[in-house]
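Please open the model in your viewer and keep the selection panel at hand. The tour below proceeds from one selection to the next and says what is to be found at each stop.

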Amino acid sequence: MDARTRFNRFMRYRDVDRPPFYEWLGYWRQTVNRWYGEGLPSGVSVEDFFGFDRREGVPVDYDPIPSFIPKLIEEDDRYIVWQNTFGIVCRDLKVSTSMPNFIEFPVKKPSDWDVLKPRFNPQDPRRLPKYWGEELFEYYRSLTHPLGMGFIGFFGFARNLMGLQRLLIAFYRDPELVRDIMDHWALFCVEMAKIVLSKVKVDYAAIWEDMAYNRGPHISPRLFEEFMLPCYRRLTSTLRSLGVDLIMVDTDGNFEALIPLFIEGGVNCLYPLEAAAHMDAVKLREEYGRDLRLIGNVDKRALAAGFKTIDGEIERVKPLIEEGGYIVSVDHCVSADIPFKHYTYYIGKIKKMYGLS
Amino acid sequence: MYVLCGSMSKRVEVLARLRDAVVNLDIDGVKRAAREALEAGVTPYEAVMDGMAKGMEVVGQKYEAGEYFLAELIMAGETMKEGLSVLEPHMKPGDMKHIGRVVIGTVEGDLHDIGKNVVITLLTASGFEVIDLGVDVPAEKFVEAVKQYKPDIVAMSALLTTTMVNMAKIIKALEQAGLRDKVKIIVGGAPLTEEYARQIGADAYGRDAVEGVNICKRWVSRGG
């Protein structure tokens, strides 16, 4: 059975030869660098070393076009301060792959958005790769591994433009600005979906939001319902009309309070389900049933701790793996405090369960 | 007597309006109430501590009850800032009597600051003087800050499993500098637990900004 067939059947609870085998969120660079010194062969990717199933995404450019010029603003021994193509000024540590510190954002007031809006035109052909054409479509048709289409979500897009603090304040001080940004983005995503999916069949759509932290979502269900639910309905109904019925949302943190609204908005798969934020895939399956697919939730702290806690984690999620509709993965990027031998042990256990060598 | 009662009731009324404006995230209302408070002879300090800060307490309760979320916490801080913009020009040096002093920072190797900044907003609203060391703060800088500012409390934030280990280094550095028993230490951040905080020798763990600030308030009211 090829990986594409396996993925599509497994996520629909049909019989498969074995569950899909992925580390869905990948690894921090720091982690891989550490592992090169602990037994991962130099120059070999983690994915190839462990023989994970492959998956691929349709490359769509969601940056403003023309983009901002990526440029170095300042550098010293410890930091680089730079502007990315979205116009966000970031400060990064040279020595690790911590999340950057976001210093400045392109939209500080409504007129900034008015100026920027035309740069988000879904019809701009530069959003698609230069090789967009029949040869690519045939390649995608022939794939034996899953193909996904990613989207920046509505909260994610507004946060990229304004920064989290300014966005959260804007829900109250400038709701029309927030509404205009999210509505425009909904229109953009719908059009982008039509352009891509009229030519290409994908196995899933994944929408990146990152709109929660360990104590809950950044916004209330009330604000989600008012500002974001209409956007979700528009996008997911378009996706379904174009043959995509596995629609995922990626948000860190504890977003339990929003799950009923995500479902109402047409989403049927959630990840990465951070354990430290008290997300519990087993509990979510009990509460929402098989209609809600799940990915992640293996506690990275358990992998750091040792073999016994790793065994405990695998035992905890095993019923979900056996039921289907759940892809076992670490609950975010695999972190650099996890020794290679622990991760090897963990993957070894998963592979043994799957009957893989 | 009647006039005194009248002005007392006006004071109580305007302080309640300040409080309610913060609770209801009403920026226009808080500025209006702040102006009315000054006209009614309420001191800026009273307007802050007996009006707006009381509102922030209610906001914290609503957050803990799951009625308010991060957006409302931040908006409440913003509302209070707008009220302060009306009151501050009328404050004289020394008018704001702080209830305590906190040195706060995100630990070395970690650049996250949203959680820390929410804590700072709530600490300031509660009457604390806050010295913000920023992000990526090494142990030596925490030690220097304790020597320089002599805070009541040191607050540390970390959002990564790989950086939270630096909290133990900071506590050890304070011990070695003979400063550990001069401060209370509270820690917070996504990967932390109560148990971890205990293991590394912190005095408390704040599950979130509201709980953390409530712990700090209890410490200073008990004299640390």
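Domain bounds, wherever they are quoted here, come from an automatic or database domain assignment. The model is a predicted one, in which local features need pLDDT of at least 70 and side-chain atom pairs count only at pLDDT 80 or more, while totals for chains, interfaces and linings use all residues. Residues are numbered from 1 along each chain as its sequence is written, and chains are lettered from A and ligands numbered from 1 in the order in which they are written.

**Chain B and its domains**

Select residues 2-90 of chain B and give them one colour, then select 100-221 and give them another; these are domain 1 and domain 2 of chain B. Their centres, taken over C-alpha atoms, are separated by 28 Å. Two residues are in contact if their C-beta atoms, placed from the backbone, lie within 7 Å, and by that criterion the contact takes 10 residues from domain 1 of chain B and eight residues from domain 2 of chain B. Helices (H or I, at least four residues) and strands (E, at least two) are DSSP runs, numbered from the N terminus. On the side of domain 1 of chain B that touches domain 2, α3 (44-64) and α4 (70-87) of chain B each supply at least two residues, and the largest share, six residues, comes from α3(B). If you colour by class, counting Ala, Val, Leu, Ile, Met, Phe, Trp, Tyr, Cys and Pro as nonpolar, Asp, Glu, Lys and Arg as charged, and the others, Gly among them, as polar, this side of domain 1 of chain B shows seven nonpolar, two polar and one charged residues.

Next, pick Glu13(B), which has its place in helix α1 (residues 2-23) of chain B. A residue is buried if 20 or more other C-beta atoms lie within 10 Å of its own, exposed if 12 or fewer, and partly exposed in between, with C-beta atoms placed from the backbone. Glu13(B) has 14 other C-beta atoms within 10 Å and is therefore partly exposed. A distance drawn from its C-alpha to that of Glu64(B) should read 27 Å, the two residues being 51 apart in sequence.

**Where chain A meets chain B**

Now show both chains together and select the residues in contact, of which 31 are from chain A and 24 from chain B. On the side of chain A that touches chain B, the elements supplying at least two residues each are β4 (89-93), α7 (164-173), β9 (216-217) and α12 (300-305) of chain A. Which of these elements gives the most to that side? It is α7(A), with seven residues. By class, this side of chain A divides into 16 nonpolar, nine polar and six charged residues.

**Chain A and its domains**

Hide chain B and select residues 3-63 together with 107-354 as domain 1 of chain A, and 69-105 as domain 2. The C-alpha centres of these two domains of chain A lie 24 Å apart, and 10 residues of domain 1 are in contact with seven residues of domain 2. On the domain 1 side of this contact, α2 (29-36) and α6 (154-162) of chain A give two or more residues, and α6(A) provides the largest share, three residues.

**Helices of chain A**

Zoom in on helix α1 (residues 3-10) of chain A, where Arg6(A), Phe7(A) and Phe10(A) are buried. Seen down the axis of α1(A), the buried residues fall within an arc of 95° (that of the directions from the helix axis to the C-beta atoms), so they line one face of the helix.

Then select α8 (residues 175-197) and α9 (residues 221-241) of chain A, which pack at an angle of about 5° with their axes 9 Å apart. Among the residues that meet here are Met182(A) and Val190(A) in α8(A), and Phe227(A) and Leu235(A) in α9(A). The residues of this contact divide into 11 nonpolar, one polar and four charged.

**Backbone details of chain A**

Finish with the backbone, beginning at the cis peptide bond that joins Ile65(A) and Pro66(A), with omega about 0°; Pro66(A) lies in the loop between β1 (56-57) and β2 (71-75) of chain A. Another cis peptide bond, also with omega about 0°, joins Tyr271(A) and Pro272(A), and Pro272(A) is in strand β11 (residues 269-272) of chain A.

How values were computed. Axes are lines fitted to C-alpha atoms, for helices over the stretch in contact, and angles run from 0 to 180 degrees between N-to-C directions.
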